[in-house]
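Reader: Can we go through this one together? I'd like to start with how the helices pack.

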Amino acid sequence: MDSRAKDENWDLVIKGHSSLFDLKFRDVWRYRDLLRMFVKRDFISFYKQTVLGPLWFFLQPMFTTIVYTFVFGSVAGISTDGLPKPLFYLCGITAWQYFSECLTKTSTVFRDNASIFGKVYFPRLIMPLSIVVSNLVRFGVQLLLLLCCMVYFYLKGYDFGFTSAILLFPILVVMMALLGLGTGLIITALTTKYRDLTFLVGFGVQLLMYGTTVVYPLHTVQQKHPDFAWIVELNPMTGIIEAYRYAFLGSGAFDYASLFYSAVVTLVLLLAGVLIFNKTERNFVDTI
Amino acid sequence: MKGDTVIKVENVSKAYQIGQIGTGTVSRDVERFIRTRILGQEDPFLKIGETNDRSIKGESDIVWSLRDINFEIAQGEAVGIIGRNGAGKSTLLKLLSRVTAPTTGSIKVKGRIASLLEVGTGFHPELTGRENIYLNGAILGMRKKEITRKLDEIIDFSGVERYIDTPVKRYSSGMYVRLAFAVAAHLESEILIVDEVLAVGDAEFQKKCLGKMGDISKGQGRTVLFVSHNMAAVKSFCNHGIVLENGLVKINSEADKAVAFYLGSGNAETNNSRQYQNVGVRGIFDLEEIALRNTGKDVDDPLAEDYPIEITTRIRFNTSEAHRYNITYHLFNDIGEALFSFHDGDNPISMQEGENRIKCVIPKDFFQSGNFSLAIYVVENRRKSIFSQRDIISFTVVDGERRMGIFMGREPGYIKPKFEWSKA
């Protein structure tokens, strides 16, 4: 038969098993308009029928900062490296919020979208990517809050300022996004079968924040608890947050080695996440 | 003229795990991984050979929703996929639309596939009609430019122009469906897969949809796969039919033949009785037998139109509350249109625990000759249906004896009651 010659003309071959590395990035690119639509949908639906609208983007980090200033700053008296307390916390919070939102939202992507995924095909990766981009909008708004705060405290005469590390800012944001994305992808793929992980994410992210230098500077841990500092240093978010704070406020333990370590962990988690996600997306509809 | 093959389905099977998924899956997954990947053995949890019959308890937790399906579809064909619930139609559509992957085998496709397993997938209630057109279009694989180009046409087709900038949560369900179908109907894909979306909307809009789908397949030479229980719809615009039964392709032929085969498959031989096993609701009832016969004749004799027809239902109730239940039948013609429903309303029969034999007599000269089928409903307290099954039995009514010299053909319609005529 001439079936072999004909085979080359097929546009699409649907098979049970495909190569692990067939990641369909071309498909993702073809659906880029969909990504834009999802981001728009998320943004519009967030504030529709609310009175304060996009103002809610500000309120959450503001209140969190106030509470942290009171609890960790005043009551517990944790050092903030000579920086105004609200500024120190707000800086960490904006970055941490972005990472944790990317992580938690991505980690439920299969479950939340089971009804759409069960009815129509599009590259599934579009969904988590749209989450990361949507949160970027939110992060951008919160960054404005941070800048306003900086101006306020600067006028009050505090001594701090941007450092040249600010040039790394785009890279830091991408790293936070990809780290959250990669981890989230792994978790969502596993939760299609093992629901247990869902519970872990809920409080795991919360606890992880205390393992990151959000509410304390890194050198405080290194001085006070040298035996446990390695846990904090092992956390790939630590390097990113320290660099981020150093870039904006000029304080923190910024060094390229820990940033490089974070980058490597990010890439490994991202690769693993995308691979597992792609493997799972083919059949998850049957088990969820 | 037949075009090139655009869809080629080769040895496709799909297995599902039934029962509880959860406990013990980690250990089982590990075992499975070691056996298949490291030792190179066959997957111990996939036993080929069990049929997907809901009513019979199987040995393993794996059912084959589709087994070794093979067929080809040529360009420009409109193919109807027919089968009872659970025959594997939806699974086939899911595989074709890439929602889930086949367990074995491959499907080869030429051109873009757009599938409509549901209208309005991804519609967001807070967004306006216009925004949802873009969102839904993008989900279905359209580029933004494409949608903008067709926007006016889509809005026009949907007939909801006035509300296009209103959030769709304020739409009536009819408007919602119209808008959703309008988007789908303007997809520019070479292959369109449609799953019973026509069951929604009012009659006028249904006609519009059918017309549009006819245009798509006949006028534009695109390939359409259509799944429906409405045999009239399948017959009217499909030129090809595939009948699925228990995950196997039973017949793959012209649409008329396939429809006839599907409707006739209940009683291949002339036997107007059927026995049932495991049909019912556990703890309430088991349906045991339904038999039709002319009064005074046997179930093996053909049913003649000029004799009364008795429907005998044997049903066993397993509850002391049996009196709360009653049976309703719906009568369908050979293309699956409902004709009417009937039950013991005016002369209620009180069911008892244990076996009940219920008889319903349809007067003579009532049916027009032809094929019919019944759907059974078991109703609780005359309000709530607790069980229903279509095509529970199908039967053929044949012409009775007629006087010589009068019209011998088949009159139109499905019933021919005799009325009183006289000079006024």
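Reader: At what angle do helix 3 of chain A and helix 3 of chain B pack?

Author: This is a predicted model, in which local features need pLDDT of at least 70, side-chain atom pairs count only at pLDDT 80 or more, and totals for chains, interfaces and linings use all residues. Residues are numbered from 1 along each chain as its sequence is written, and chains are lettered from A and ligands numbered from 1 in the order in which they are written. Helix 3 of chain A (residues 32-47) and helix 3 of chain B (residues 129-139) pack at about 140°, axes 9 Å apart. Helices are DSSP runs of H or I, at least four residues, and strands are runs of E, at least two, numbered from the N terminus. Axes are lines fitted to C-alpha atoms, for helices over the stretch in contact, and angles run from 0 to 180 degrees between N-to-C directions.

Reader: Which residues meet there?

Author: A:Asp33, A:Leu34, A:Met37 and A:Arg41 meet B:Tyr134, B:Leu135, B:Ala138 and B:Ile139. Contact means C-beta atoms, placed from the backbone, within 7 Å.

Reader: And how many residues are in contact between the chains overall?

Author: 27 residues of chain A contact 35 of chain B. Helix 3 of chain A gives the most to chain A's side, six residues.

Reader: Which strands pair across the chains?

Author: Strand 1 of chain A pairs with strand 4 of chain B (residues 104-109), antiparallel, over four bridges. Pairing takes at least two DSSP bridges between the strands. A:Ile14 has B:Ile107 as its bridge partner.

Reader: Switching topic, how much of residues 136-155 of chain A is helix?

Author: That span is 100% helix and 0% strand, with its end C-alpha atoms 29 Å apart.

Conventions: Contact = placed C-beta atoms within 7 Å.
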